[in-house]
2 protein chains.
Amino acid sequence: MTISGKNLIAGEWSGDLTAGFSATDAIRNQAMKEVFAQASKIEISHAIERADQAFVSYSQLPATARASFLRTIGEQIIAIGDELIDMACAETGLPALRIQSERGRTVAQLGLFANLLEQGEYQGVIDVADMNRQPVAKPDTRLGYLPLGVVAVFGASNFPLAFSTAGGDTASALAAGCPVIMKAHDAHPGTSELVAQAISRAITLCGIDAGVFSLIQGKNYQITSQIIMDPLVKAVGFTGSQRVGMILQQQIHQREEPIPFYGELGSVNPQFILQDKMANDGRILAQELVASLIMGQGQFCTSPGIWAYITHESCSTFELSASEAIQATTAGVMLTPEIANSYKQAVATWQNIDGVELLAKGQADKTHFCQAALFATDLATFKANKSLQIEVFGACALMLRLKDQQEMMELISLLKGNLTASIHATDNDSEQSHAISMALAHKVGRLIYNQMPTGVEVCASMNHGGPFPASTDLRTTSVGSEAIKRFQRPICYQNMPKELLPAQLQ
Amino acid sequence: MTISGKNLIAGEWSGDLTAGFSATDAIRNQAMKEVFAQASKIEISHAIERADQAFVSYSQLPATARASFLRTIGEQIIAIGDELIDMACAETGLPALRIQSERGRTVAQLGLFANLLEQGEYQGVIDVADMNRQPVAKPDTRLGYLPLGVVAVFGASNFPLAFSTAGGDTASALAAGCPVIMKAHDAHPGTSELVAQAISRAITLCGIDAGVFSLIQGKNYQITSQIIMDPLVKAVGFTGSQRVGMILQQQIHQREEPIPFYGELGSVNPQFILQDKMANDGRILAQELVASLIMGQGQFCTSPGIWAYITHESCSTFELSASEAIQATTAGVMLTPEIANSYKQAVATWQNIDGVELLAKGQADKTHFCQAALFATDLATFKANKSLQIEVFGACALMLRLKDQQEMMELISLLKGNLTASIHATDNDSEQSHAISMALAHKVGRLIYNQMPTGVEVCASMNHGGPFPASTDLRTTSVGSEAIKRFQRPICYQNMPKELLPAQLQ
């Protein structure tokens, strides 16, 4: 397929390439040849207006028609073939195996929501009338769900497929009956266009109003600002840094009509290693934690950033094993030169903090590669330094050497919200496990026992969210079938004749 | 029982009465004898800290223990007897029959959530492990719900019992496992104290940590501000005017951690009368609409403020019948002199708009009484005047005389969000009914056919919320059993041993 470099505006490819931008070939660290047009104000307005128009017919489609549309998008993504893998690898530096597996996940996510729609999962609640009730008759009331309207989605740099153009946010919004305005991440515009082409073909094949999906390319914040401030936009999905997320949030707060903002902004995903576990499995656990940490150069939302344990003799095996594992890691390319630069700065900051010990570094490579790093500190130093408490995006972890159980409980109380946390323990740690899990549950969206935080299962019982800053709305998940609820809202139909009710409430 | 005039701070009554305030006897329009202490900064901080401490034990209570607590609160409210009715009548001017029925609803709401907890309704979702899955094993994941933490509730002026101290917000928060900081509405501090005494007795009887409930009295905004900005407060429930609601919302936006804000701010609850219905039932429908409008002096959130229809000959019967019914109404006292004053001003504003016709006024009485009013206008005037588009709190309605179906659809597109709307139609209007219901559904939280909007059924299928400004979070309801979800959030337990799981997920 040919990359046009244009924006997909309700079925039409448009844009001025003369003032365009290019992505960076991540490994070569040089501009790629494809040029992309930054969407104009008029193009963005038109895309949103057409999305709002398409909402009328799209929201009234039977659930099975939406399911079929989602499956067709998946088929069309597969049909792109290796060109998609090659493009995504070039733009992100992620290896082909990872991109292939991410493509599988993307298609599976579309299928998950298609299944959900075909099963008619959200049927609502029906309370029939009781005309004889005293002192007043009970009316017939039926609770159903309506899609919110136009949804704006911002692609994630670290998931060029599974959390970008046809990723989890898009799939769940389309499943809910909402048109999508997709702002492509500027680090992978080519991957985004290829997937948008697939969606466009699916729209044609399924006979759906082309306004239901538009792809907006661009690098400047005015584009983002215009999208989130448009009164026709009724919800926003965003995955990215806390800094950018807070800029969006503050601007969304200026809107007259408040709308849901689903931002996933950062998480340190603390790991708690209890004493018996440490004594028995310290060596292997250290290796597993390092393996989880360096997956994708630590550029996963669920990367384990803090490892906490109470110090005693057996910890030396754990620390040594972890240090050796880190030293053995080869450097990998990061998603963008900017991310590599931020990572380097964060590591340098930690290295200069009194009371922070550098235990090990991985092998070095070019400047835009990630050299893994392992630090250790105590609770007092952690408390005194804010930079130790926030996520470092990359393969860098902080070991927290605690004095006793009391310090462990204090650490938990100090933690901000996280996507996930793990307790590593044996049956002999059960008393401690219980106390920690009760407190830790209130700090995370997912609480894990004896497993690594990376690897998010896409299923009905998954929750990928959590207290701030892990997410800006802890009542929702961005992964799993519950994600559809972010783009629906309840409505009660009272005393409605059958023919005016949605099919599932009749 | 004796009114102390003090704040209930985690089981202790405290406060300085010397700088206190008094409520107004609504009918006599003069200060009542009881004096109430405005809560101090220290008292408020202490109440919130104790609530946060109580959260640990309260959130871990079995659901059945919370159910029993809710029922005991209901019993203790009933046990107050006539003193509660007399106090609420004096403070609000609402008649005894209404207050008695509201007390019944309040106790029934507590019972609804108790039933829900006893039935174990929210069991979550379980996906068991599949160790043989390829390419990676499926972990055991279980989705449950956790209470959010301390909830701040602001009492509503128009529901001194059912949406105040032990009202819907408090009941659903306590049911969810959240401690409550209750800011009493300053128009009914005595009613609030009597109910807080009942809650305090229930806390003692059930052996619950007294930090789980505090009552804050006061009249100044600093009290509100301190409560909503406290980092330990994790959600806010508010029912009141759009003006005050937006002040709260803007301040909550300044918090570092975003929290859910459930504001119910205003609604015009439009009524659409279709042609065949108008021709056949115009006279009686007009009488029913007036009866719905003047209930409680129009001081219900669901009062029908706009009546829209396409003009033709048969409308004259409807308009005449409505005008006669309005003229026959006697004036009733309003909740507060401030509300009466705002109502009078709003009516005067409408009366001075070119193109707005005053059809009828009800009988007049004292200045703090509500004189019903009925106006009529056309779509052009409605569009040109913002004051016609917002709620007038009181027994005042605007008839919208439309030219044709196109104007009716345009009116729907112009509407902001509403709690509810009704379509009044016969089978012969079915084509129009269908078009209108499809469009109107996106503007309301509850869509009604041939019934009045006042009278909100408290049941599992109710939705009392809607697009802004009806509510600040259209994904939630403040009435019915789904209201509990406002104060819970999902959590996924992965690979957890049985003894670390909540009972309902084991």
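This tour moves through a predicted model of two chains, A and B, one selection at a time.

**Chain A as a whole**

Begin by selecting chain A alone. It contains 14 helices and 21 strands. Its C-alpha atoms occupy a box of roughly 75 × 70 × 40 Å along the principal axes. For 506 residues, a compact globule would be expected to have a radius of gyration near 23 Å, and the 24 Å of chain A agrees with this.

**Where the chains meet**

Next, display both chains and select the residues at which they touch. Here 50 residues of chain B are in contact with 50 residues of chain A. On the side of chain B, the elements that contribute two or more residues are β5 (125-127), β6 (141-147), α14 (430-440), β20 (444-449) and β21 (488-494). Which of these elements gives the most to the side of chain B that touches chain A? It is β21(B), with six residues. Coloured by residue class, this side of chain B shows 24 nonpolar, 17 polar and nine charged residues.

**A sheet that begins in chain A and ends in chain B**

Now select the strands β5, β6 and β21 of chain A together with β20, β19, β12, β13, β18, β17 and β15 of chain B. In that order, these ten strands form an open sheet with mixed pairing. Its edge strands are β5 (125-127) of chain A and β15 (357-361) of chain B, each of which pairs on one side only. From one strand to the next, the twist averages 20°.

Zoom in on the edge in chain A. Strand β5(A) is joined by three bridges to β6 (residues 141-147) of chain A, and the two run antiparallel. Within this pair, A:V125 stands opposite A:L143 of β6(A). Then follow the sheet to the place where it passes between the chains. Strand β21 (residues 488-494) of chain A and β20(B) are joined by three bridges and run parallel. At this junction, A:Q494 faces B:I448 in β20(B).

Before leaving the sheet, add helix α10 (residues 315-327) of chain B. This helix lies across β13 (306-310), β15, β17 (373-378) and β18 (396-402) of chain B, and it runs at about 50° to β15(B).

**The sheet that runs from chain A into strands β21, β6 and β5 of chain B**

Select the second open sheet, whose ten strands follow the order β15(A)-β17(A)-β18(A)-β13(A)-β12(A)-β19(A)-β20(A)-β21(B)-β6(B)-β5(B), again with mixed pairing. Its edges are β15 (357-361) of chain A and β5 of chain B, each pairing on one side only. Neighbouring strands are turned by 20° against each other on average, direction ignored. At the edge in chain B, three bridges join β5(B) to β6(B) in an antiparallel arrangement, and B:I126 stands opposite B:R142 in β6(B).

Helix α9 (residues 275-294) of chain A packs on this sheet, touching β12 (271-273), β13 (306-310), β18 (396-402) and β19 (418-424) of chain A; the direction of the helix makes about 155° with that of β12(A). Select also helix α10 (residues 315-327) of chain A, which lies across β13, β15, β17 (373-378) and β18 of chain A at about 50° to β15(A).

**Two helix pairs in chain B**

Return to chain B and select helix α9 (residues 275-294) with α10(B). Their axes come within 8 Å and cross at roughly 20°, so the two helices are roughly parallel to each other. The crossing is right-handed. Residues in this contact include B:M278, B:L285 and B:L289 of α9(B) and B:F318, B:A322 and B:I326 of α10(B). The contact residues comprise ten nonpolar, four polar and one charged.

Then select helices α2 (residues 63-80) and α5 (residues 168-176) of chain B. Their axes come within 9 Å and cross at roughly 155°; α2(B) and α5(B) are therefore roughly antiparallel. This crossing is right-handed. It brings together B:R66, B:F69 and B:L70 of α2(B) and B:A171, B:L174 and B:A175 of α5(B). Five of the contact residues are nonpolar, none is polar and one is charged.

**Backbone details**

Finally, show the backbone of the loops. The peptide bond between A:Q134 and A:P135 is cis, with omega about 0°; A:P135 lies in the loop between β5 and β6 of chain A. In chain B, the bond from B:Q134 to B:P135 is cis, with omega near 0°, and B:P135 is in the loop between β5 and β6 of chain B. The last stop is B:A10, which has a positive phi of about 50° although it is not a glycine. This residue is found in the loop between β1 (7-9) and β2 (12-14) of chain B.

Note on methods
Residues are numbered from 1 along each chain as its sequence is written. Chains are lettered from A and ligands numbered from 1 in the order in which they are written. This is a predicted model: local features need pLDDT of at least 70, side-chain atom pairs count only at pLDDT 80 or more; totals for chains, interfaces and linings use all residues. Axes are lines fitted to C-alpha atoms, for helices over the stretch in contact, and angles run from 0 to 180 degrees between N-to-C directions. Helices (H or I, at least four residues) and strands (E, at least two) are DSSP runs, numbered from the N terminus. Angles under 35 degrees count as roughly parallel, over 145 as roughly antiparallel, 65 to 115 as roughly perpendicular and the rest as oblique. A crossing is left-handed if the near helix is turned anticlockwise from the far one by less than a right angle, and right-handed if clockwise. Two residues are in contact if their C-beta atoms, placed from the backbone, lie within 7 Å. Ala, Val, Leu, Ile, Met, Phe, Trp, Tyr, Cys and Pro count as nonpolar, Asp, Glu, Lys and Arg as charged, and the others, Gly among them, as polar. Two strands pair if DSSP finds at least two bridges between them. The radius of gyration is taken over C-alpha atoms; the globule rule is 2.2 Å times the number of residues to the power 0.38.
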